[in-house]
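User: I am new to reading protein structures and would like a close look at one part, with the reasoning spelled out. Could you pick a pair of charged side chains and walk me through what surrounds them?

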Amino acid sequence: MKRRMILGEKGVFSAFGICALGTLLFFSATLYAVSSSHLKAERRFLARTALRNAAEDGVRLAVLRLNAEAALSAQAEAAVQKHAQLFSGASGEAKYKVYARRKDGNLLILSVGEQGEERARVVGVAEKKDGKYIIDHWEY
């Protein structure tokens, strides 16, 4: 008895199977590469957001301390020619340093968040109203 060949070839289905597996492997590798790239971008975004939040915490704390401590307020008001470092601290895993400078009738409070090599800077423009400092606006 003669053996019947499908489509005239014995290994055509094996070849189709290998091509399908290769295509599937290519698409899955592409999806993996794209998703790992997205994860890295998300991690960088979260790290930068945490640094910016730490810097904002420094400005908010500076306003509270300026309202509570007369000596710190006098130090900040005297910083006309160049900035004066008020204090430093930590918020979560990030560290921050807070500086102040008097310019154009406003008090500029600069906070620099640091974590490893990454840095984020935030400036809060504070005005004195009714004997207390309030943040007029933020600059990023």
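Analyst: Happy to! Let's start with R60, which forms a salt bridge with E56, and the closest N and O atoms of the two are 3.7 Å apart. Keep in mind that this is a predicted model.

Why can these two meet? R60 and E56 are four residues apart in helix α1, so about one helical turn separates them. As a general rule, an α-helix has 3.6 residues a turn, so residues three or four places apart point the same way. It also helps to know that side chains of opposite charge can pair when their charged atoms come close.

Now look at how much of each partner is open to the outside. R60 is partly exposed, with a relative accessible area of 42%. E56, by contrast, counts as buried, because its relative accessibility is 9% and the cut-off for buried is under 20%.

The pair does not stand alone, either. Salt bridges that share partners link R52, E56, D57 and R60 into one network. Searching the whole structure turns up seven salt bridges.

Another of them joins the side chains of R65 and E69, with 3.2 Å from N to O. Here R65 is partly exposed at 25% relative accessibility, and E69 is partly exposed too, at 34%.

R65 also leads us to the nonpolar part of the structure. Among the residues that F87 touches are G58, L61, A62, R65 and L72. F87 is one of the residues with the most contacts inside the largest nonpolar core, which has 17 residues; L66, L86, V98, L107 and I109 are the others named for this. Helix α1 gives the most to this core, with five residues. In general, nonpolar side chains tend to be buried together in soluble globular proteins.

L72, touched by F87, brings us to helix α2, residues 70–78, where the buried residues are L72, S73 and A76. Seen down the axis of α2, these buried residues fall within an arc of 100°, so they line one face of the helix. On the other side of α2 you will find A70, A71 and A78, which are exposed. What covers the buried residues of α2 includes α1, along with β1, β2, β3, β4 and β5.

So, starting from R60 and E56, one helical turn apart in α1, we have reached a core to which α1 gives the most residues.

Technical notes
Residues are numbered from 1 along each chain as its sequence is written. This is a predicted model: local features need pLDDT of at least 70, side-chain atom pairs count only at pLDDT 80 or more; totals for chains, interfaces and linings use all residues. Side-chain values use heavy atoms; hydrogens and water are left out. Buried means under 20% relative accessible area, exposed over 50%, partly exposed in between (1.4 Å probe, protein chains only). Helices (H or I, at least four residues) and strands (E, at least two) are DSSP runs, numbered from the N terminus. The arc is that of the directions from the helix axis to the C-beta atoms. Contact means heavy atoms within 4.5 Å. A nonpolar core is a set of buried Ala, Val, Leu, Ile, Met, Phe, Trp, Tyr and Cys residues joined through side-chain atoms within 4.5 Å. A salt bridge is a side-chain nitrogen of Lys or Arg within 4 Å of a carboxyl oxygen of Asp or Glu.
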